[in-house]
Amino acid sequence: KNQGSEILKKPVNDDVKVSKGFYDTSLDDKKLEEALVYFEGVYRPNDGIDYTKDNESFEVLASASGKVIRKENDPLLGWILAIEHKEGLVTIYQSIDQIKVEKGDQVKQGDVIAIAGNNVYQSPLKKHLHFIVSIQDKSVNPQSYFGQKVEKIVVTS
């Protein structure tokens, strides 16, 4: 398998837009405010990117090839998938439905792995995908890593 030459891609097609960005302290005040999640009276920093398509369903794609290491239904976050691409680099897909893969499956970049769904934690977004890039168990801004070679991501972080 030639995973080494893959670049990290967005987990959605181009017609799906970002509805809430990653909470990155380098952002200006307005963008920081937009990257907060309000739940049960508390504002929390968004640990990923939220994608929506006017409350329509859309396909969720594997952003890189790897192995499904987690599939679970969380009462707040909805269905969650996690794909490990190499040691220390994991992409996490939350608030999804109609999951097409099982824990232990190998997926290829661009495979349809699920359909966007709903969750309790970010219910105002309605149908959406919450996408997280995790490096060494720390959420990072996915936008900073799209277009980077997968094998270089963990080394440079």
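The paragraphs below lead through a predicted model, going from its strands to its cores, its largest pocket and its salt bridges.

A good place to begin is strand β11, which spans residues 129-135. This strand is mostly covered, since 7 of its 7 residues are buried. The covering applies to both faces: on one side Leu 129, Phe 131, Val 133 and Ile 135 are buried, and on the other side His 130, Ile 132 and Ser 134 are buried as well. For a reader new to the term, a residue is called buried here because its relative accessible area is under 20%.

Which strands pair with β11? One of them is β4, which runs antiparallel to β11 and is joined to it by 3 bridges; within this pairing, Ile 49 has Phe 131 of β11 as its bridge partner. Strand β8 also pairs with β11 in the antiparallel sense, over 6 bridges, and here Gln 94 stands opposite His 130. A further antiparallel pairing, over 3 bridges, links β11 to strand β12, which covers residues 138-140, and in it Ser 134 stands opposite Ser 139 of β12. β11 and β12 form a hairpin with 2 residues between the strands, and Gln 136 takes a positive phi near 50 degrees there.

Another hairpin can be found earlier in the chain, where strand β2 (residues 36-39) and strand β3 (residues 42-45) run antiparallel and are joined by 4 bridges. Phe 39 has Val 42 in β3 as its bridge partner. Between β2 and β3 there are 2 residues, and Glu 40, which lies in the turn, has a positive phi of about 50 degrees.

From the strands we can turn to the nonpolar cores. The largest nonpolar core contains 31 residues, and those that touch the most other members are Tyr 51, Leu 81, Tyr 93, Ile 96, Ile 113, Leu 129 and Ile 135. Two or more residues of this core come from each of β4, β7, β8, β10, β11 and α2, and the largest share, 4 residues, is the contribution of β11. Apart from this core lies another one, of 5 residues, which includes Ile 80, Ala 82, Val 90 and Ile 132. Strand β11 thus appears in both descriptions, with Leu 129 and Ile 135 named in the largest core and Ile 132 named in the other.

Strand β7 also holds His 85. Is His 85 buried or exposed? It counts as buried, because its relative accessible area is 6%. In sequence His 85 is 15 residues from Lys 100, while in space their C-alpha atoms are 18 Å apart.

The next feature is the largest pocket, which holds about 170 Å³ of space. Its lining consists of Val 18, Ser 19, Lys 20, Gly 21, Phe 22, Leu 27, Lys 31, Glu 34, Ala 35, Ile 49, Asn 141 and Gln 143. Two elements, β1 and α1, each give two or more residues to this lining, and β1 supplies the largest share, with 3 residues. Sorted by class, the lining has 5 nonpolar, 4 polar and 3 charged residues. Ile 49, one of the lining residues, has already been met as the bridge partner of Phe 131.

The last topic is charge. Side chains of opposite charge can pair when their charged atoms come close. In this model the count comes to 6 salt bridges. One of them joins the side chains of Lys 53 and Asp 15, with 2.8 Å from N to O. This pair links distant parts of the chain, as Lys 53 is in the loop between β4 and β5 while Asp 15 is in the segment before β1, 38 residues apart. Asp 15 counts as partly exposed because its relative accessibility is 48%.

Another salt bridge connects Asp 54 with Lys 17, whose closest N and O atoms are 3.1 Å apart. Asp 54 lies in the loop between β4 and β5 and Lys 17 in strand β1, so this pair ties together parts that are 37 residues apart in sequence. Asp 54 is exposed, at 60% relative accessibility, whereas Lys 17 is partly exposed, at 43%.

A further salt bridge is formed by the side chains of Glu 102 and Lys 71, at 2.9 Å from N to O. Because Glu 102 lies in the loop between β8 and β9 and Lys 71 in strand β6, the pair ties together parts that are 31 residues apart in sequence. Glu 102 is partly exposed, with a relative accessible area of 44%, and Lys 71 is also partly exposed, with 24%.

Methods: Residues numbered from 1 in each chain as written. Predicted model: local features only at pLDDT ≥ 70, side-chain atom pairs only at ≥ 80, totals over all residues. Heavy atoms only, no water. Pairing = 2+ DSSP bridges. Salt bridge = Lys/Arg side-chain N within 4 Å of Asp/Glu carboxyl O. Buried < 20%, exposed > 50% of the residue type's maximum accessible area, 1.4 Å probe, protein only. 1 Å grid on protein atoms, 1.4 Å probe; cavity = no way out; pocket = protein on both sides within 12 Å on 5 of 7 lines; lining within 4 Å. Points joined across faces, edges and corners; volume = space filled by probe spheres on them. Nonpolar A, V, L, I, M, F, W, Y, C, P; charged D, E, K, R; others polar. Core = buried A, V, L, I, M, F, W, Y, C linked by side-chain atoms within 4.5 Å.
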